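Here is a short report on a protein model. Please keep the sequence and structure in view while reading.

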Amino acid sequence: MTIVFTRRAALQAGAGSALAALLARPFAAIADDSVETHGLSSFGDLALPPDFPHFAYVNPQAPTGGLLSLQITGTSGNQNFDTFDTLNVYSWKGNGAAGMSATFDTLMTANGDEPDSVYGLLAKSVRVSGDKLDYRFRLRPEARFFDGSRVTSADVAFSLNVLKEKGHPIYAQLLKEVEAANAEGDDVVHVRFVKDRSRDAHLIVVGMPVFSAAWWKDRDFAAATLDAPLGSGAYRVKAFEQGRYIEFERDPNYWGSKLPVNLGQNNFDRLRFEYYRERQVAFEAFKAGAINFHEEFTSRFWATAYDFPAAKDGRVKKEVLHNGAPVSTQGWYLNTRREQFSDPRVREAIGLAFDFEWTNRNVMYSSYKRIISYFPNTDMEAKGKPGPDELKLLEPFRDKLAPAVFDDPYIPPVSDGSGADRTLLKQAYDLLLAAGCKRDGGTLLLPNGKPLTVEFLDSSNVMQPHTTPFIQNLGKLGIQASLRVVDPAQLKSRTEAFDYDVVTEALPGSTTPGVGLRVVFSSEAAKQSGSRNLAGVADPAVDALIETIASAKSREELSAACRALDRVLRAGHYWVPMWYRDTAWVAYWDAFARPEQQPKLSTGAPGTWWWDDGKAKAIGL
């Protein structure tokens with residue numbers, strides 16, 4: 001079951017023998033050096049054989065039934081944490097509804113025990129040319145859309161092309177290396193990549209949703225819609241109230257339910273996503289049972305709020321789960337498109353005004369660790385001085401890079417925990433003076449004579465306890481700082497238009513970074529509305545390192561290039577890094593059962609869990 005926050009007609013009788021032969025043919029017109037495989041990965045290292053029965057972390061005999069109700073915990077495309085007004089989450093317009101990815105299948109799907117391997121879902125196999133520019137995916141003949149029509153290669157080609165041409169900028173950017181996608185009969189789709197394609201371009205393609213070309217024929221893909229697009233996934237939309245909730249029902253006739261990649265998953269008969277603007281209101285809904293699975297992100301709630309009757313008598317369980325997922329890079333991103341943030345010394349000074357140690361102890365119950373890297377807790381995190389492999393990548397840009405890039409990587413200093421460390425504030429003030437700023441009474445002026453102002457933009461007050469002391473410290477430096485809370489729609493539109501000073505974002509980490517870094521840090525993305533380059537990073541060295549990462553031929557090359565990029569970004573002070581946990585806090589009404597084994601790279605919750613009727617009845621559900 002994909003919860004992010006990741007076909008029936010036979011050939012008509014009477015077709016001519018030539019056409020029938022074409023549609024039933026084996027892979028044709030492919031170079032002799034091509035290879036057919038049941039899965040793909042970044043570096044060709046698949047852990048599972050073609051006949052694997054199921055993933056190791058599932059219960060293949062898990063029963064089906066029950067209701068899973070929760071909140072959206074991650075977004076993609078046009079989705080919004082706080083509301084929705086369209087069921088097309090892959091276009092530019094509107095705020096997409098939670099859970100819609102569960103209604104679409106993809107060519108292949110990931111194994112939670114491997115960092116970058118995928119195995120066949122819609123595609124039974126794929127034949128790859130020796131130069132890795134041509135991929136021919138053979139579709140499973142049993143694959144069906146909800147209306148019983150077959151999922152064909154024409155649907156796959158349409159999906160890739162429409163996402164590239166009319167999809168949300170994130171998808172268009174990710175698919176730019178697809179030169180062409182064409183149907184070869186009903187069962188084979190040919191995807192051709194550009195000559196200098198990145199290493200993981202094929203993994204991007206196989207993870208894209210597959211739409212029905214017939215359903216979209218007379219509809220505008222770029223428009224918002226409250227009609228549920230025709231899908232082929234395990235779930236279909238059952239009911240919704242715009243901006244309030246959306247509910248899905250498991251398709252009892254789901255064509256792919258017995259596939260090895262699906263066994264032990266998609267176990268709930270109903271999925272329901274509830275929307276609440278305020279975390280306190282959402283928590284009250286959980287306490288009342290309107291939500292039955294809750295991942296906690298508020299340390300104050302985790303430490304103090306689980307004293308309600310259902311938690312005390314055991315009907316609600318509270319657990320800390322191992323989470324092998326890469327750490328999100330969460331921080332306050334400074335918009336360098338704004339004049340006041342153009343000098344890295346000013347950006348560094350702003351970061352020094354945030355007292356993490358005080359905030360962690362007084363606001364977050366000492367539950368978190370400080371993020372210091374863009375690749376935290378991995379071999380890709382830069383440490384010490386750059387080694388020979390990193391220097392080889394950095395030297396061509398030495399004249400354009402800050403000298404700090406070639407020294408130990410920047411680490412935010414540890415404060416004295418007082419909330420206003422005078423030593424660090426003095427260091428920040430010296431940096432501001434060195435950048436040409438001047439103090440005029442209680443106001444700090446930029447070199448152009450304008451006051452240095454900083455507005456933190458958000459759609460919720462949840463970060464106010466963390467931001468307020470930060471703002472107060474900025475005030476001690478003469479910086480006029482404030483927090484502005486706007487409605488979700490305004491935050492989305494302003495963020496997409498880069499109309500902000502500072503925004504908070506948690507960007508997902510990756511075990512195998514690749515082309516996705518273009519969306520977050522490339523010069524092209526800095527100019528592209530709707531991209532995730534929130535800080536406006538536009539640096540030729542960064543662009544070159546991203547391409548090196550995207551084309552790395554081994555994990556050693558990948559790690560070296562990521563460490564070099566980490567050094568450059570950290571020296572640029574594009575953000576004020578926040579904090580992280582390497583565990584997940586989950587609470588749930590005790591109506592679930594789960595496998596003994598978790599995936600190595602995630603919690604497995606609640607995607608591999610199932611409804612337990614006995615437990616549910618015991619607690620009155």
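How do the residues of the lining of the largest cavity divide into nonpolar, polar and charged? They comprise 11 nonpolar, three polar and six charged residues. The model behind these counts is predicted.

## The largest cavity

The largest cavity holds about 190 Å³ of space. Its lining has 20 residues. Nearest the centre lie Gly351, Arg370, Tyr410, Pro412 and Pro577.

Three elements give two or more residues each to this lining: α9 (344-352), α10 (356-362) and β22 (575-577). The top contributor is α9, with four residues.

## Helix α9

Helix α9 also deserves a look for its burial. Seven of its nine residues are buried, so the helix counts as mostly covered. The buried residues are Val346, Arg347, Glu348, Ala349, Ile350, Gly351 and Leu352. Of these, Gly351 also appears among the residues nearest the centre of the largest cavity.

What do the buried residues of α9 pack against? Their partners include three strands, β15 (329-334), β19 (453-458) and β22. Helices α12 (422-434), α13 (464-476) and α18 (555-572) are packed against as well.

## The second largest pocket

The second largest pocket has a volume of about 560 Å³. It is lined by 26 residues. Ser41, Ser42, Lys132, Tyr135 and His202 lie nearest its centre.

By class, the lining of this pocket splits into eight nonpolar, 10 polar and eight charged residues. Strands β1 (35-37) and β2 (39-40) each supply at least two of the lining residues.

## A three-stranded sheet

One open sheet has three strands, in the order β13-β24-β14, with antiparallel pairing. Why is one side of β13 and of β14 left without a neighbour in the sheet? Both β13 (293-296) and β14 (316-322) stand at the edges, and each has a single partner strand, so one side of each stays unpaired. On average, neighbouring strands here are turned by 25° against each other, direction ignored.

The pairing of β14 with β24 (residues 583-589) is antiparallel and runs over seven bridges. Within β24, Ala584 is the bridge partner of Leu321. Helix α6 (residues 279-288) packs on the sheet and touches β13, β14 and β24. The direction of α6 makes about 50° with that of β24.

Note on methods. Residues are numbered from 1 along each chain as its sequence is written. This is a predicted model: local features need pLDDT of at least 70, side-chain atom pairs count only at pLDDT 80 or more; totals for chains, interfaces and linings use all residues. Side-chain values use heavy atoms; hydrogens and water are left out. On a 1 Å grid over the protein atoms alone, a cavity is a set of points where a 1.4 Å probe fits but cannot get out, and a pocket is an open set with protein on both sides within 12 Å along at least five of seven lines; lining residues have an atom within 4 Å of a point. Grid points are joined across faces, edges and corners, and a volume is the space filled by probe spheres set on the points. Ala, Val, Leu, Ile, Met, Phe, Trp, Tyr, Cys and Pro count as nonpolar, Asp, Glu, Lys and Arg as charged, and the others, Gly among them, as polar. Two strands pair if DSSP finds at least two bridges between them. Axes are lines fitted to C-alpha atoms, for helices over the stretch in contact, and angles run from 0 to 180 degrees between N-to-C directions. Contact means heavy atoms within 4.5 Å. Buried means under 20% relative accessible area, exposed over 50%, partly exposed in between (1.4 Å probe, protein chains only).
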